[in-house]
Amino acid sequence: MADTADTRTPAQIEADIKRRREVLAETLDEIGVRVHPKTIVGDAKAKAVAHVDHTMGRAYVQVNRMVSDVRAQFADEHGRLRMDRVVPVALVVVGVGGLIALSRRRGR
């Protein structure tokens, strides 16, 4: 059989017990903080905000890409407007705006 005799003095044993109690008390305090309702709600809010930030970031990238695509349709490689594309679109916008104005006027 193995010799399991403890060679520590009673003072060393008491010091070990005291250290162990302090570690356990600290661990219990951490657990208490983690399971506190305010901590749980705060963590849930933080996760929701992170998810919204991620979603908004993806939406921003998508919108930015769409704006760049539209800009590429109406500008040449030097950044000058392509009048052959701008004029027809402007006419359509003015026409639709005029039709809306006329329909509102008739509705009165």
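## A tour of the salt bridges and a surface patch

Start by selecting Asp 16, which is partly exposed, with a relative accessible area of 25%. You are looking at a predicted model, so keep its confidence in view as you go. The chain has an average pLDDT of 90, and 94% of the residues score at least 70.

**Stop 1: helix α1**

Keep Asp 16 selected and add Arg 19. What links these two? They form a salt bridge, and their closest N and O atoms are 2.1 Å apart. Now show the backbone: both residues belong to helix α1, which covers residues 10-34, and they sit three residues apart, about one turn of the helix. Arg 19 is partly exposed, with a relative accessible area of 48%.

Next, add Arg 8 to your selection. Arg 8, Asp 16 and Arg 19 are joined in a network of salt bridges. Side chains of opposite charge can pair when their charged atoms come close.

While you are here, try colouring by confidence. Helix α1 has the highest confidence, with a mean of 95, while helix α3 (residues 83-107) has the lowest, with a mean of 90.

**Stop 2: Asp 76 and Arg 80**

Clear the selection and pick Asp 76 together with Arg 80. Their side chains meet in a salt bridge, at 3.4 Å from N to O. Is each partner buried or exposed? Asp 76 counts as partly exposed at 24% relative accessibility, whereas Arg 80 is exposed, at 52%.

**Stop 3: Arg 82 and Asp 84**

Now move along the chain and select Arg 82 and Asp 84. Here is another salt bridge, with the closest N and O atoms 3.9 Å apart. Arg 82 has 26% relative accessibility and counts as partly exposed. Asp 84, at 55%, counts as exposed. A search of the whole structure finds four salt bridges.

**Stop 4: a nonpolar patch**

For the last stop, switch on the surface and select Leu 28, Ile 31, Val 35 and Ile 40. What do these residues form on the surface? They make a nonpolar patch, with about 390 Å² of accessible area together. Zoom in on Leu 28, which takes you back to helix α1. Leu 28 is exposed because its relative accessible area is 58%, and the cut-off for exposed is over 50%.

Key. Residues numbered from 1 in each chain as written. Predicted model: local features only at pLDDT ≥ 70, side-chain atom pairs only at ≥ 80, totals over all residues. Heavy atoms only, no water. Helix = DSSP H or I, 4+ residues; strand = E, 2+ residues; numbered from the N terminus. Buried < 20%, exposed > 50% of the residue type's maximum accessible area, 1.4 Å probe, protein only. Patch = residues over 30% accessible without salt bridge, like charges linked within 9 Å, V, L, I, M, F, W, Y side chains within 5 Å. Areas by Shrake-Rupley, 256 points an atom, 1.4 Å probe, with all protein chains shown as cover. pLDDT = per-residue confidence, 0-100.
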